[in-house]
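These are my notebook entries on a single chain, kept in the order in which I looked things up. I wanted to see how its interior is put together and how one pair of helices packs.

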Amino acid sequence: GKAAGMNPPVAISGAGCLCAAGMTLDESLHSMLRGERNPQPPVAFSSSHPDDYPVFEIIRPLPATGSDRELLRTTRLALSAAMEALANAGLNDAELGALKVGVCIGTTVGSAMNNEQFYRDFRNGEDPEMTPIERYLRSNPAAALARHYRLDGPCHVVVNACSSGTDAIGIGVAWIRAGLCDIALVGGADELCR
């Protein structure tokens, strides 16, 4: 067995969420507790499937984040949730600047749909502009959050299917326990994709 105290608890001091159930953690929880379920055919993309399968999609405009408008949607979703989580934790920019803050974000699709035309053109022997790829690289969700808040702790993206966000939380806990950072901004973000 492990000696007592080897895995001290790590507190969750703030949380943020936006999803099809609501644009804030509070909205999402109330919607889910009321048992609301409103899947609809996707709006952001179409599919070659003969049937329009229902999805849970955020169709309302994203909250303003004051960030680079060139960031891809997955990263803007992560930034919106992070802003709510930090506000919920009562942390402002000055307090963040005084701490070593790690960032670990999990994703599955990671804005892949935004580059489909680039890859179609490339596979067809064309020489497409690199702008979509540069935008994709600038939109690394963990790096974008660290850049936005000027954080200097460890920074990592986890891509591990549906468990990516949960894995990111576990990595943040391990960083804190190992003394690699004082706090960690962790979670998951994904936009829908075909």
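Before looking for a core I fixed the term: a nonpolar core is a set of buried Ala, Val, Leu, Ile, Met, Phe, Trp, Tyr and Cys residues joined through side-chain atoms within 4.5 Å. I also noted that what I have here is a predicted model.

Entry on the core. With that definition I looked up the largest nonpolar core and found 15 residues in it, those with the most contacts inside being L96, V103, L145, Y149, L151 and L185. I then checked which elements feed this core, and α2, β1 (101-106) and α6 each supply at least two of its residues. I also found a second core, separate from that one, which has 6 residues, L18, M23, I58 and L62 among them.

Entry on the chain. I stepped back to the chain, which holds 7 helices and 3 strands, and I read their order from the N terminus as α-α-α-β-α-α-α-β-α-β. The C-alpha trace spans about 55 × 45 × 40 Å along its principal axes, and of the 194 residues 31% are buried. When I looked at contacts with a separation of 6 or more, I found that 69% of them are accounted for by residues 24 or more positions apart.

Entry on the helix pair. How are α2 and α6 set against each other? I found helix α2 (residues 73-89) packed on helix α6 (residues 141-149) at an angle of about 50°, the axes lying 9 Å apart, and the two helices are therefore oblique to each other. I recorded their crossing as right-handed. On the α2 side the residues that meet the partner are T75, A78, L79, A82, M83 and L86, and on the α6 side they are P141, A144, L145, H148 and Y149. Sorted by class, this contact has 9 nonpolar and 2 polar residues, with no charged ones.

Entry on two residues of the contact. I looked first at Y149, leaving aside neighbours within four places in sequence, and found Y149 in contact with L79, A82, M83, L86, D93 and L96. Is T75, in helix α2, buried or exposed? Buried means under 20% relative accessible area, and T75 counts as buried because its relative accessibility is 2%. With the neighbours within four places again left aside, I found T75 in contact with S139, N140, P141 and A144.

How values were computed. Residues are numbered from 1 along each chain as its sequence is written. This is a predicted model: local features need pLDDT of at least 70, side-chain atom pairs count only at pLDDT 80 or more; totals for chains, interfaces and linings use all residues. Side-chain values use heavy atoms; hydrogens and water are left out. Axes are lines fitted to C-alpha atoms, for helices over the stretch in contact, and angles run from 0 to 180 degrees between N-to-C directions. Helices (H or I, at least four residues) and strands (E, at least two) are DSSP runs, numbered from the N terminus. Angles under 35 degrees count as roughly parallel, over 145 as roughly antiparallel, 65 to 115 as roughly perpendicular and the rest as oblique. A crossing is left-handed if the near helix is turned anticlockwise from the far one by less than a right angle, and right-handed if clockwise. Contact means heavy atoms within 4.5 Å. Ala, Val, Leu, Ile, Met, Phe, Trp, Tyr, Cys and Pro count as nonpolar, Asp, Glu, Lys and Arg as charged, and the others, Gly among them, as polar. Buried means under 20% relative accessible area, exposed over 50%, partly exposed in between (1.4 Å probe, protein chains only).
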